[in-house]
Each structure stands twice: as structure tokens, then as C-alpha cells.
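Colleague: Could you take me through one part of this model slowly, starting from the ligand and working inwards? I'm new to this, so plain words please.

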Amino acid sequence: MSMPPVTPALSVQGLRAGYGNGGDIVCGIDIDQAPETVLAVIGPNGSGKSTFVKTLAGLLRPRAGIIAVTGRDVTALSPARRVMAGLAYVPQEANVFGNLTIRENLKLATEFLRGRPGVGPAQRELVMALFPEIAARPKLLAGNLSGGQRQMLAFACALLANPEVLLLDEPSAGLSPKFVGETMEAVVRVRESGVTVLLVEQNVAAALRIADEVMVLVAGRKSLRAPAKDISNADLADLFFAKAG
Ligand SMILES: Nc1ncnc2c1ncn2[C@@H]1O[C@H](COP(=O)(O)OP(=O)(O)OP(=O)(O)O)[C@@H](O)[C@H]1O
């Protein structure tokens with residue numbers, strides 16, 4: 001007897017996006033991502049990684065294509081409605097309110113989630129257990145957190161929505177090596193808690209260490225998709241260099 005096919009947590013078909021009257025920056029991307037995996041999206045500077053993830057989050061309207069979360073088409077939904085449909089997003093910058101405390105940031109994150117299944121005290125407890133450092137200091141101003149702790153708080157705020165899929169845009173950007181490691185460990189814990197993670201990263205080595213699968217984006221196109229364990233540095237050098245050459 002064959003197993004029934006698993007519905008992808010995230011499915012993207014023929015996605016195209018760009019800015020204003022300019023050409024396409026995302027030039028026709030297809031992905032099916034299995035539930036509870038980490039897919040790392042890597043590629044040279046300017047290859048369209050942030051544009052891709054912004055389009056998934058609904059901040060940029062696609063010119064063509066379909067985005068689905070656990071089989072539900074979310075392409076026409078606003079960013080807020082996508083969160084309600086199970087697609088959460090942590091932007092690269094300005095992802096917490098520095099002049100509010102940890103507790104206030106967490107409270108604000110759930111303010112607009114009424115009606116989303118699984119949002120409530122139990123989810124809050126689960127998220128706090130994932131980030132004990134954040135849970136321990138509710139009165140601390142977010143602006144006084146280290147870069148790594150700030151990312152943890154941003155992850156925690158996004159996870160309060162009980163998402164199926166979490167989109168992370170370069171969470172290691174600007175962090176010292178120690179904090180890069182801690183942030184990547186946090187991504188692993190998030191995946192272990194049952195969330196599917198799409199991780200855009202410039203730090204290729206850090207991303208490869210924790211990803212299940214890797215997609216290499218070059219000039220807005222998928223130039224490679226493979227299990228992380230099958231990707232060699234030589235493959236990557238070829239792909240990244242091909243763009244420059
Ligand atoms: N708001 C914008 N308006 C117009 N063009 C933009 C905008 N944001 C990005 N671009 C252009 O889109 C292209 C891809 O940029 P994007 O930031 O998506 O790439 P990236 O792979 O995330 O790069 P990096 O690794 O440097 O962050 C670049 O040519 C960039 O100049």
C-alpha cells in the first residue's frame with residue numbers, strides 16, 4: 001500500500017515579483033517544502049532572497065504565481081491575514097519595539113490574533129519554554145537586549161501566532177559568531193517544536209549546519225535545490241561564482 005502524499009507546509013508555484021516598473025527580481029520560483037523541515041535559501045548578494053521572502057510574507061504583491069500554506073492558497077491575502085493563515089514572518093531589521101519591555105512586545109504580538117487556532121496561554125507557555133532567557137526577564141526593555149537575544153524575542157513574538165510556517169530573513173545579520181551559533185540553535189528548537197522554517201541566510205556555513213534542505217538563488221532563479229548534507233563547498237563556489245562571471 002502506498003503512503004498518501006504529504007501536503008507541503010509551504011508550496012510556491014511560478015512566483016514572480018519585482019518593484020515598480022522594474023524587471024522581475026524573483027523570476028519564477030517553485031518550491032514544495034515538507035512539514036517540520038528547515039529550508040535554507042542562500043545566494044549571492046542581490047540575488048533576490050529578501051525580495052522572495054517579502055513576497056511570501058505578503059509585503060510585495062506577486063506578478064504571477066501561487067503561494068499556499070498547508071494546502072491553502074494565501075496569494076491574495078494581506079500580510080496580517082497570512083499570519084492568521086499560519087504564515088509568520090520575522091523581518092531582518094526592526095523586528096521588535098526597542099522602547100517596550102519584553103512582556104509588552106509579547107503582549108502586542110498577540111493583540112491582532114483573535115480567532116487564530118492555538119493562540120493563547122498554552123502556546124505562550126510553549127514559546128517561553130523555547131526561549132528561557134527571554135522568559136526570565138519580562139521587564140527588560142527590548143532595546144537593551146543583545147543582538148542575539150533580540151532575535152530570540154522576535155522569534156518568540158512570531159511563534160505566539162502558532163504558525164505552520166515561519167519565515168526568517170537573515171536572523172544572523174550583524175551578530176558575532178557566538179550569537180550566530182545561538183540563533184541557529186534557536187532555529188533548530190523551533191523546528192523541533194513542529195514549525196516549518198524557511199530561513200534566508202547570508203551566512204552559508206551557519207545555514208548549512210542546521211538546514212535539512214538548501215535552495216540556492218542566483219539572479220532570482222532557483223539554481224540548486226538539494227539536501228543540505230549533499231552540498232559541497234565546491235558546488236556552492238561554482239554557483240556563486242557563475243553569477244559574478
Ligand atoms: N525596495 C526596492 N526597490 C527597488 N529595488 C529593490 C528594492 N529592494 C531590493 N531591490 C533590488 O532587488 C534586487 C535583489 O535585492 P534583494 O535584497 O532581494 O537581494 P538579496 O539576495 O536579499 O541580497 P542581500 O543578500 O544583499 O540582502 C537588488 O538588485 C536590489 O537592488
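Modeller: Let's start with helix 1, residues 49-57: with 3 residues, it gives the most to the shell around the ligand. Keep in mind that this is a predicted model. The ligand is surrounded by Tyr19, Ile25, Gly43, Asn45, Gly46, Ser47, Gly48, Lys49, Ser50, Thr51 and Gln202. Sort those shell residues by type and you get 8 polar, 2 nonpolar and 1 charged.

Now for the inside. In soluble globular proteins, nonpolar side chains tend to be buried together. Here the largest nonpolar core has 68 residues, and Leu167 and Leu199 have the most contacts inside it. Helix 6, residues 147-159, gives the most to this core, namely 8 residues.

What does leucine 167 touch, leaving aside residues up to four places away in sequence? Its contacts are Val53, Leu56, Ala57, Leu87, Ala88, Tyr89, Val90 and Leu198.

Next, follow the strands. Strand 7 (residues 165-169) runs parallel to strand 8, and 5 bridges join them. Within that pairing, leucine 166 sits opposite valine 197 of strand 8. Strand 8 itself is mostly covered, as 5 of its 5 residues are buried. Thr196, Leu198 and Val200 point one way from the strand, Val197 and Leu199 point the other way, and all are buried.

Strand 8 (residues 196-200) also pairs with strand 3, in the parallel sense, over 4 bridges. Look for alanine 40 there: its bridge partner in strand 8 is leucine 199, the very residue named above among those with the most contacts inside the core.

So is strand 3 enclosed or open? Strand 3 covers residues 38-42, and 5 of the 5 are buried, so it is largely enclosed by the rest of the structure. Both of its faces are covered: Val38, Ala40 and Ile42 are buried on one side, Leu39 and Val41 on the other. Strand 3 is also joined by 4 bridges to strand 9 (residues 213-218), and these two run parallel. There, isoleucine 42 stands opposite valine 216.

Back to helix 6 for a moment, since glycine 147 is found in it. Is that glycine buried or partly exposed? Glycine 147 has 15 C-beta neighbours inside 10 Å, so it counts as partly exposed; a buried residue would need 20 or more. Not counting residues up to four places away in sequence, glycine 147 touches Gly174, Leu175 and Phe179.

Helix 6 also helps to cover a neighbour: what covers the buried residues of helix 3 includes helix 5 (132-135) and helix 6. In helix 3 (residues 102-110), the buried residues are Ile102, Asn105, Leu106 and Ala109. These four cover an arc of only 95° around the axis, which puts them on the same side of helix 3. The spacing makes sense too: an α-helix has 3.6 residues a turn, so residues three or four places apart point the same way.

One last stop is an open sheet of 4 strands, with antiparallel pairing and the order 2-1-4-5. Strand 2 (24-33) and strand 5 (72-73) stand at the edges with a single partner strand each, so one side of each has no neighbour in the sheet. Strand 1 (residues 10-18) and strand 4 (residues 64-69) pair antiparallel over 5 bridges, and serine 11 stands opposite alanine 68 of strand 4.

Conventions:
Residues numbered from 1 in each chain as written. Predicted model: local features only at pLDDT ≥ 70, side-chain atom pairs only at ≥ 80, totals over all residues. Near = placed C-beta within 6 Å. Nonpolar A, V, L, I, M, F, W, Y, C, P; charged D, E, K, R; others polar. Core = buried A, V, L, I, M, F, W, Y, C linked by C-beta atoms within 7 Å. Buried ≥ 20, exposed ≤ 12 C-beta atoms within 10 Å, placed from the backbone. Contact = placed C-beta atoms within 7 Å. Pairing = 2+ DSSP bridges. Arc of directions from axis to C-beta.
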